[in-house]
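Trainee: I am new to this structure. Could you take one part and walk me through it closely?

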Amino acid sequence: MKRNLREKCRMVTGYGAWHIGIMHVSDGPHGVRAQKDGAKNDDSYEATCFPTVSSVACSWNVELIEKMAEGIAREAKELGVSVMLGPGVNMKRSPLCGRNFEYYSEDPLLAGELAAHYIAAMQRCGVGTSLKHYAGNNQETHRMTANSMIDERALHEIYLTAFEIAVKKADPASVMASYNYVNGMPACENSYLLKEILREKWGYRGLVMSDWGACVDLPACIDAGMDVEMPDSMGNHLSDLERAVKNGGLSIEKLDQAVERIEKLTAEYGKNCVSDNQKKEVSRDTRRKNHVLAGQMEAESVVLLKNESFFPLQTGMGLLIIGDLAEYPRYQGGGSSHIHTEMIESVKKQFEKYYEKVRYVKGYKRNTFNRNKRLEQEALRAVKQAVRKGIPILFFGGLTDMAEGEGYDREHYDLPYNQTALLRQILKITDQVGFISFGGAPYDMEFPARCKALLQMYLGGESVGKACADIVMGQVNPSGKLAESIPFSERDVPSYGYFGKQGRQKKALDDVEYRESIFVGYRYYDTFDIPVRYCFGHGLSYTTYKYSNLRVKKNGQTSYEVSFEVQNAGSMAGSEIAEVYVKNPNSDAFRAKRELRGFAKVRLEPGECKMVTIPLTERAFSVYQNHEFQVIGGEYEIQIGASLQDIRLSQKVEIEGREVKCPLTLNNKVPLSRADFDKLYEGKRTHFSQTMPGEFTTKNSLNQMRPYSHLARRWLRIGKFAVRLMYFPKPMHDPEVRMMWEGIADGNIDSVCNQSGGLVKHKTILKIVKAANEEEKV
């Protein structure tokens, strides 16, 4: 079809909030969040809320994740959605990231493999995916203006590897470029990321879209390899694009490439389109099946962190349940992944199937961190009565909606204060307590770990109540294992002091130095012997497993096939996750001690034994140097473990290859000093944290211009008032409200204009920028 220039330019910008041409795209890594244009964040069509990605990652089960993707795809089709925006494979650099519940792991191999299976399964069902957020998007603080300063090895070995695996193995229909800058260049304008790596090195041929509001300079973005900006920029960017093509600033060939990719995506996935005027709903049969599937997924993802002969509980006369999170279990996170569901199961009702009397006491309020003495005293009296009668006690706690969400990072690593205060008092009476933990990320488990049993539910979706009861009562054998480490303290985290607003970084900076380099998560704790509360890959079972008969077969110069046997040595059927690590040669080279290089989950009946085979490619023995992955020579040790700290089998192999080239040794501390980081970091240093009058553009935020512009201060007041009015009577700390406010205050001002529904005019933001550049004083 022939199109004129205006028509081509119109194609590469969104139609309304949720359409690329005729295609409806929808948020939802763990369910369909389909909306009409203009709807509030939490107002979407009813759909199944599956467990969040942080939870299902603990299943380590690629087949189960495929079933989840298929279930979501069925609902997407019924709701007229062509492309689902997900999955997210950003690394968990810090447990304080407010959006960690949308991401799989701190390990790129695990994240990439799980994402690849999710993508392939969904696209086999005829629904496209959008792999996100590409790349280096690891914190929510200043997420639209932050500059991720990452050295070359860390970028390729840690932050790009999951994307690479997913792209090469599953070919996602689209990739979403992130809000942040990467080494001084906005991700949407970053030709190194979008062209050299994504398209040339990895061979990607699909579409690249912007995150919502991430595109400010549309001609520059198209020139760099992006294909469509989202959402509709209200015409504000169209004239810039037309002018750039006419003036030779952007070649018509690059615009044509973007148009062709949109046409290709439409041809493949546009058949799902349903008009917004038509009735949209998920069928009862689909909802019923997916509700059951959501429960099965959570049951296989729950991690039993500690169990001193407490679980499984026996059926009996009574049970005491404590905690507001039992009456209102936190089953999902806030923000763009929030799913509207009506099928929430009551925890109390699930346990009433096993006990004649289930007593519930609130103990604390989930919508505040403040203590409530009346509720505490009621709970303590109930505990004393339960102890006298020999009734089991379950405490439901963890991170509440106030603690974490999209658009903002957590302010501290602590368990909410009111929960800590109550639990401390209970433990003085008895430690015969089972702690049921909720949350999208790790937190300080000092007091939960003093209980006899500790069950990590993460955010388990709409069927979390049944999954919890089935595990606790022994109807299901827990088989989840941690996809991330749980450190003792936030000070133990390798990025401490260079993340969000923590530590030495009293004021959140726009230039975010990744001074821990490649030492993220267990790579840091394991290499530098930093103790953690629960290690990567840890998870207990109601049965025991034996490993034996390791064989390492060479399949080429640097490729191997690893096989071993796993046997269920207990009396209860269960599933075991076997983890393959490669221990790197002993040296002081700047390299992690060992790294996950493969895994498998096997289902075993009592006494049953199965052979497990896992391939290891040359990437298992490589580092990124000289602008490519190169095999490093030396003596490696292939280790088979039930967790990082529970290695059962091992065998050494000699690998021929090159030497590690790095200006630093492992004697250096992490985080690195400024001098050491400068030796690693090859990019040109930026000064975004010190942006001054004369340097502001529409890529900057109202908060950045606030000290210099009375107009910026005025619009911040207007914005806050508008948010309060729009979401009344919700408080400002509500996740939906807070995400909206943080977006106005810290988002680029161009995005604020384009998504304001006409409230903020483009000429207004130009005046705000002009005032800031002229440094208008109060």
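Mentor: Keep in mind that this is a predicted model. Start just past the end of helix 9. There sits Gly-248, with a positive phi near 85°. Gly-248 follows helix 9, which spans residues 238–247. Now step back into the helix. Which of its residues are buried? They are Leu-238, Leu-241, Glu-242, Ala-244 and Val-245. Around the axis they cover an arc of only 160°, so they lie on the same side of helix 9. What do these buried residues pack against? Their partners are helix 1 (5–11), helix 8 (218–224) and helix 10 (252–269). Turn to the face pointing away from the buried side. That face carries Lys-246 and Asn-247, both exposed.

For a second view, look at a helix pair further along. Helix 20 covers residues 710–727, and helix 21 covers residues 735–746. Their axes come within 10 Å and cross at roughly 160°. Angles over 145 degrees count as roughly antiparallel, so helix 20 is roughly antiparallel to helix 21. The crossing of the two is right-handed. Which residues make the contact? Helix 20 brings Leu-716, Gly-719, Lys-720, Val-723 and Tyr-727. Helix 21 answers with Glu-736, Val-737, Met-740, Trp-741, Ile-744 and Ala-745. Sorted by class, the contact of helix 20 with helix 21 holds eight nonpolar residues, one polar and two charged.

Methods. Residues are numbered from 1 along each chain as its sequence is written. This is a predicted model: local features need pLDDT of at least 70, side-chain atom pairs count only at pLDDT 80 or more; totals for chains, interfaces and linings use all residues. Side-chain values use heavy atoms; hydrogens and water are left out. Buried means under 20% relative accessible area, exposed over 50%, partly exposed in between (1.4 Å probe, protein chains only). Helices (H or I, at least four residues) and strands (E, at least two) are DSSP runs, numbered from the N terminus. The arc is that of the directions from the helix axis to the C-beta atoms. Contact means heavy atoms within 4.5 Å. Axes are lines fitted to C-alpha atoms, for helices over the stretch in contact, and angles run from 0 to 180 degrees between N-to-C directions. Angles under 35 degrees count as roughly parallel, over 145 as roughly antiparallel, 65 to 115 as roughly perpendicular and the rest as oblique. A crossing is left-handed if the near helix is turned anticlockwise from the far one by less than a right angle, and right-handed if clockwise. Ala, Val, Leu, Ile, Met, Phe, Trp, Tyr, Cys and Pro count as nonpolar, Asp, Glu, Lys and Arg as charged, and the others, Gly among them, as polar.
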